[in-house]
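Student: Could you take me closely through the empty spaces of this structure, beginning with the pocket that comes out on top, and then show me what else deserves a look around it?

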Amino acid sequence: MEVRTRFAPSPTGSMHVGNARTAIFNWLFARHHNGKFILRIEDTDLERSTRENEEKLIEDLKWLKIDWDEEPVRQSDRTKIYEEYALRLVKEKKAFFCFCTDEVLSSKREKMMAEKKAPHYDGSCSRLSDQEIEENLKKGVPYSIRFKVDQKDIIFQDLIKGEVNIKAGMFGDFVLIRSNKMPVYNFSVVVDDALMKITHVIRAEEHLSNTARQIILYQALGFPVPFFAHTALILADDGSKLSKRHGATSVEEYRKKGYLSDGLFNYLSILGWTPPEEGKDKLSRKELIQFFDTDRVAKSPAKFDLSKLNWLNGEYIKEIPFEELRPVLLSLMGQNYDLFFYNQDEIEKILLLGARSLSYLSQIIKEVELFFISPENISKPLSLDEWKQEPHTALVKRFYEEVSKAETLNEEFFGTLLKNLGKELGAKGKNLFMPIRLFATGQEHGPDLNTVLTLLGKNKILKIIEQCLSF
RNA sequence: GCUCCCAUCGUCUAGCUCGGUCAGGACAUCGGGUUUUCAUCCCGGUAACAGGGGUUCAAAUCCCCUUGGGAGUACCA
């Protein structure tokens with residue numbers, strides 16, 4: 001049997017990393033089993049779905065290098081098919097027309113909630129006589145089609161969760177086709193998955209309870225039931241659902257920040273899935289395909305760990321030849337700073353210094369900030385107080401004197417100056433370099449000190465020192 | 001409310017099927033080495049079985065309860 005999986009996003013916004021992971025798992029699973037991966041656009045929510053979002057979604061997928069094997073299917077193009085199957089269920093008395101209006105429905109729901117009962121549809125329209133139905137239809141009363149639920153427990157084997165047992169009474173007679181002729185999610189997935197011969201449904205856990213509904217639909221329609229695999233959700237670092245207030249949540253945002261396709265792909269793959277080889281988290285797509293399966297997917301939710309993504313993405317950045325990185329980095333710098341303060345040679349050096357160890361490309365902006373902001377905007381370094389004491393300040397002051405006297409400042413000059421000052425004051429190693437670095441650049445981390453100082457130039461150095469001494 | 005799912009270092013997790021491990025790895029963090037500083041790199045350390053009951057010679061592992069987190073209960077997906 002050929003394995004067929006699908007990714008079925010609804011184009012209601014930009015692609016969330018959770019969705020991206022679902023796509024990755026499905027794609028990996030299909031590729032691992034030499035099967036097919038299919039894309040289906042679930043745009044039955046007319047209010048929120050847009051073509052623009054759909055295009056963005058496809059763009060994100062392409063960026064992640066996730067390819068699909070057949071022409072993508074759009075659910076809004078298939079309303080006839082859903083209606084046909086729904087009508088078939090009506091004919092078989094497994095579903096019925098419902099003429100209840102929104103107002104009636106919501107007042108009933110409120111009443112049930114007030115009585116602390118589950119707000120399920122009361123089934124009133126299922127008891128309508130043939131004649132009443134006929135009359136309503138003739139009068140053109142809008143109707144939806146509801147499924148007549150046979151209340152019974154549903155047990156199924158989930159590839160990730162194991163045996164799942166859903167008790168009867170979880171839902172009432174639910175809607176299959178809305179009064180606007182659009183199918184409801186739980187119905188269209190079943191019809192489509194069955195018609196598209198999907199063998200493995202890999203999706204997020206929020207659909208776990210829905211699965212019971214879907215299984216009874218498969219049975220009512222006479223379709224074979226596919227395998228299900230429900231992945232736990234991706235959470236923010238505080239344990240709540242990953243949302244906008246936690247920072248970047250969409251693939252697009254990560255892409256724009258300069259995360260690499262391979263880096264994000266790799267990270268998302270190992271978020272909730274463990275590669276078989278201990279200690280090896282960095283895996284190529286080929287290896288990912290080779291190893292991925294549902295048996296090592298975790299049951300419990302995973303927190304999105306930005307520091308691990310940063311590490312992993314940094315590993316991928318290291319592999320890229322600098323020549324490829326250069327134009328991207330340069331344009332990032334150009335977008336944020338006035339580059340003409342420096343000549344070509346200096347820009348090249350700054351670029352090289354800033355690009356030493358990036359976790360994501362736009363980090364270059366922060367890395368080279370020192371060279372472009374004015375000294376008075378430098379903020380107080382965290383460890384300043386620790387160093388703002390003798391004998392370190394004496395060293396800084398001597399350095400200040402020498403620099404202000406100097407005519408030409410270059411790397412050689414700073415090299416000998418530091419050496420001499422070290423001898424003079426008996427400072428070496430960290431005790432020599434740190435005070436200078438801290439007071440003259442305002443940072444405790446940074447590239448090679450002599451180069452930084454040379455690039456900064458006399459004026460800036462003196463001003464930064466004055467500034468730091470005043471903190 | 002009801003139903004379902006989940007629970008091992010700060011984080012992602014291995015181990016659980018088939019009880020016996022100094023509870024392993026990666027990221028982060030801390031310390032050491034290299035770099036006269038920073039980053040890189042190398043070496044090393046700290047750090048976890050949610051709680052309570054059972055079963056057993058022996059429980060992270062099997063059973064029950066509690067607690068905590070999440071999802072569903074829609075003419076959203």
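Tutor: The largest pocket has a volume of about 1100 Å³, in what is a predicted model. Its lining is made up of 39 residues, and those that lie nearest the centre of the pocket are Pro 9, Ser 10, Asn 19, Glu 206 and His 207. Several elements of secondary structure take part, since strand S1 (4-7), helix H1 (17-32), helix H6 (185-195) and strand S9 (200-204) each supply at least two residues of this lining. Among the contributors, H1 provides the largest share, which amounts to four residues. When the lining of the largest pocket is sorted by class, 13 residues are nonpolar, 16 are polar and 10 are charged.

The second largest pocket, with a volume of about 700 Å³, can be read in the same manner. Here 29 residues form the lining, and Asp 102, Leu 105, Arg 109, Arg 146 and Val 175 are the ones that lie nearest the centre. Helix H4 (102-114) and strand S5 (144-147) each supply at least two residues of the lining of this second pocket, and H4 gives the most, with six residues. By class, the lining of the second largest pocket divides into 14 nonpolar, seven polar and eight charged residues.

Beside these open pockets there are enclosed spaces to consider. Rolling a probe the size of a water molecule over the atoms shows where empty space is left. A search of the whole structure finds three cavities of 30 Å³ or more, and the largest cavity has a volume of about 70 Å³. This largest cavity is lined by 13 residues, of which Gln 151, Lys 152, Ile 154, Ala 168 and Phe 171 are the closest to its centre. Its lining holds eight nonpolar, two polar and three charged residues.

The second largest cavity has a volume of about 50 Å³. The residues that line this second cavity are Arg 21, Thr 231, Ala 232, Leu 233, Gly 272, Val 297, Ala 298, Ser 300, Pro 301 and Ala 302. By class, six of these lining residues are nonpolar, three are polar and one is charged. Two of the names can be placed on elements already mentioned or still to come: Arg 21 falls within the span of helix H1 (17-32), and Thr 231 falls within that of strand S10 (227-231).

Turning from the empty spaces to the surface, one finds a nonpolar patch formed by Met 1, Leu 159 and Phe 227, which together have about 340 Å² of accessible area. Met 1 belongs to the segment before S1, and Met 1 counts as exposed because its relative accessibility is 79%, where exposed means over 50%.

The loops hold some residues that can be checked one by one. Lys 65, in the loop between helix H2 (51-63) and strand S3 (73-74), has a positive phi of about 60° although it is not a glycine. With a relative accessible area of 46%, Lys 65 is partly exposed. Lys 181 is placed in the loop between strand S8 (175-177) and H6, and its phi is near 75°, again a positive value in a residue other than glycine. The relative accessible area of Lys 181 is 37%, so this residue is partly exposed. H6, on which this loop ends, is one of the elements that supply at least two residues to the lining of the largest pocket.

Two further loop residues can be described by their cover and by a distance to another part of the chain. Pro 224 lies in the loop between helix H7 (210-221) and strand S10 (227-231), and with a relative accessible area of 68% Pro 224 is exposed. Its C-alpha atom is separated by 32 Å from that of Arg 48, a residue 176 positions away along the chain. Gly 123, by contrast, is found in the loop between H4 and helix H5 (130-139), and Gly 123 counts as buried because its relative accessibility is 4%, where buried means under 20%. From Gly 123 to Lys 430, which are 307 residues apart in sequence, the C-alpha to C-alpha distance is 79 Å. H4, which bounds the loop of Gly 123, is also the helix that gives the most to the lining of the second largest pocket.

Terms used: Residues are numbered from 1 along each chain as its sequence is written. Chains are lettered from A and ligands numbered from 1 in the order in which they are written. This is a predicted model: local features need pLDDT of at least 70, side-chain atom pairs count only at pLDDT 80 or more; totals for chains, interfaces and linings use all residues. Side-chain values use heavy atoms; hydrogens and water are left out. On a 1 Å grid over the protein atoms alone, a cavity is a set of points where a 1.4 Å probe fits but cannot get out, and a pocket is an open set with protein on both sides within 12 Å along at least five of seven lines; lining residues have an atom within 4 Å of a point. Grid points are joined across faces, edges and corners, and a volume is the space filled by probe spheres set on the points. Ala, Val, Leu, Ile, Met, Phe, Trp, Tyr, Cys and Pro count as nonpolar, Asp, Glu, Lys and Arg as charged, and the others, Gly among them, as polar. Patches are made of residues with over 30% relative accessible area and no salt bridge: like charges are joined within 9 Å, nonpolar side chains (Val, Leu, Ile, Met, Phe, Trp, Tyr) within 5 Å. Accessible areas come from the Shrake-Rupley method with a 1.4 Å probe; for residues, only the protein chains shown count as cover. A salt bridge is a side-chain nitrogen of Lys or Arg within 4 Å of a carboxyl oxygen of Asp or Glu. Buried means under 20% relative accessible area, exposed over 50%, partly exposed in between (1.4 Å probe, protein chains only).
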